[in-house]
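Colleague: Could you pick one part of this model and take me through it closely? I am new to this, and a short explanation of each term would help.

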Amino acid sequence: MVPDAAIAKLKERFSGLQLMEPAPVKGHLSVKLSGPSKLIGVIKMLKDELGYEFLDFITAVDWKGPVDLKGYIVNPNPNPFMPEGVRSQMISEPPTPGFPYREAIEVIYALSNWAAKSRIFVRVETTRGDPRVPSLIFLWKGADWQEREIFDLLGVVFEGHPNLKKILTPDFIKGHPLRKDYVHIKDKYD
Amino acid sequence: MLGAYAARFDFDRLGVIPRPSPRQADVMIVAGTVVKKMAEPIITIYHQMPEPKFVISMGSCANCGGPYYDSYSVVKGVDKIIPVDVYVAGCPPRPEALQYAVIKLQEKIGRLAPTRQAMASPIQEKGARVWYRMRLSPNLRKDLAVCN
């Protein structure tokens, strides 16, 4: 659990922080920022003053509606033994009513304080059209590949990253495959 | 594949010995998902193998993409990039299945009829003993030359 004193300090320094209750991830406190501009300040304070010195991971979520399967190659090799009109196993999910779909990509940072045995999640939302968040590579070297992976798969631009290139997908794959509206363009191996 | 090599199944008794380099190999076993980024290294490895060369595609992933069939990053079968001789079904195949594939490949190689002198030096074509006798007897050499 995050100590109350740390929460009070954070709230005192930064207005507009939103503490998510109930905690969405396994009882750990999640702090939601209003925008990427405050990110560096909050993370620096957590690292330098409150003892959250370890970056567990960085990840990102695309909050657009359910996956659009139009873009995927559903049946690249037609199966002559299948009955006429039968599709393979992919079925498009209908949107879940009441789910908070929105045009946003949320970047999530998990920080740990091993001395206090506590973990905190910092969440920041950017737009899907031009997603930009500041890079944390000057605070943790380990952020390098994780930020490149998020850039590769979701297209989030980490400003200040010295080597922001694709890390997983080959060069001929266009677009960002983990985006919900990803459209796969046939390449030489399809 | 590890199980097939280990003591219970013992691949060595079929004469299957793992080699550290494709340049020393006769058979390549593709034993896993072929992603598009690994496609070109696989083609390179295939070209590095000396002729005659054979490929065993092991498991559903290598055969057709398996559960990653609809994925953006998986080649739908290793036979899209290199020729495959034997396919082993299963996810994963049992060690016996892989051994059966090697036996099937041996049968296939046994049925192959190489064209005369294809890819062979004279000493390979005739065998070392014939070559040795050819050097001794001029008549035999003349006969063989007529044959050719």
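**Chain B, then a look at chain A**

Modeller: Let's start on the outside: chain B exposes about 9200 Å², and carbon and sulfur atoms supply 58% of that area. Such accessible areas come from the Shrake-Rupley method with a 1.4 Å probe, and for residues only the protein chains shown count as cover. Please keep in mind that this is a predicted model, in which local features need pLDDT of at least 70, side-chain atom pairs count only at pLDDT 80 or more, and totals for chains, interfaces and linings use all residues. Residues are numbered from 1 along each chain as its sequence is written, chains are lettered from A and ligands numbered from 1 in the order in which they are written, and side-chain values use heavy atoms, with hydrogens and water left out.

Now the inside of chain B. Of its 148 residues, 34% count as buried; buried means under 20% relative accessible area, exposed means over 50%, and partly exposed is in between (1.4 Å probe, protein chains only). Chain B is built from seven helices and three strands. Both are DSSP runs numbered from the N terminus: helices (H or I) have at least four residues and strands (E) at least two. Along the sequence, their pattern in chain B is α-β-α-β-α-β-α-α-α-α.

The three strands come together as an open sheet, ordered S1-S2-S3 in chain B, with parallel pairing. Two strands pair if DSSP finds at least two bridges between them. At the edges sit strand S1 (27–30) and strand S3 (86–88) of chain B, each pairing on one side only. From one strand to the next, the twist averages 20 degrees. (Axes are lines fitted to C-alpha atoms, for helices over the stretch in contact, and angles run from 0 to 180 degrees between N-to-C directions.) Follow strand S2 (residues 54–58) of chain B and you will find that S2(B) and S3(B) share three bridges in the parallel sense. One such link to look for is B:Met58, whose bridge partner in S3(B) is B:Val88.

What lies across this sheet? Helix H4 (residues 95–111) of chain B lies across S1, S2 and S3 of chain B and runs at about 155 degrees to S2(B). Among the contacts in chain B with a separation of 6 or more, 66% are between residues 24 or more positions apart; contact here means heavy atoms within 4.5 Å.

With those terms in hand, chain A is easier to read. Chain A has three helices and seven strands, and from the N terminus on they run α-β-β-α-β-β-β-β-α-β. Buried residues make up 44% of the 190 residues in chain A.

The largest nonpolar core has 35 residues, and those with the most contacts inside it include A:Leu10, A:Ile43, A:Val107 and A:Ile120. Such a core is a set of buried Ala, Val, Leu, Ile, Met, Phe, Trp, Tyr and Cys residues joined through side-chain atoms within 4.5 Å. Elements giving two or more residues to this core include helix H1 (4–13), helix H2 (39–48), strand S4 (104–113) and strand S5 (118–127) of chain A. H2(A) gives the most, with five residues. Beyond its neighbours within four places in sequence, A:Ile120 is in contact with residues including A:Val2, A:Leu10, A:Leu46 and A:Tyr109. Back in chain B, residues including B:Val34, B:Ile42, B:Met49 and B:Ile82 belong to a second, separate core of 16 residues.

Two polar residues of chain A round off the tour. A:Asn113 lies in strand S4 of chain A and is buried, at a relative accessible area of 9%. The side chain of A:Asn113 reaches the backbone oxygen of A:Leu50 at 3.1 Å. A:Arg128 is found in the loop between S5 and strand S6 (132–134) of chain A, and at 6% relative accessibility A:Arg128 counts as buried. The side chain of A:Arg128 makes polar contacts with two side chains: that of A:Asp62 at 2.8 Å and that of A:Asp181 at 3.0 Å. A polar contact is a pair of N or O atoms within 3.5 Å; within protein, one must be able to donate a hydrogen and the other to accept it, and residues adjacent in sequence count only if both atoms are side-chain atoms.
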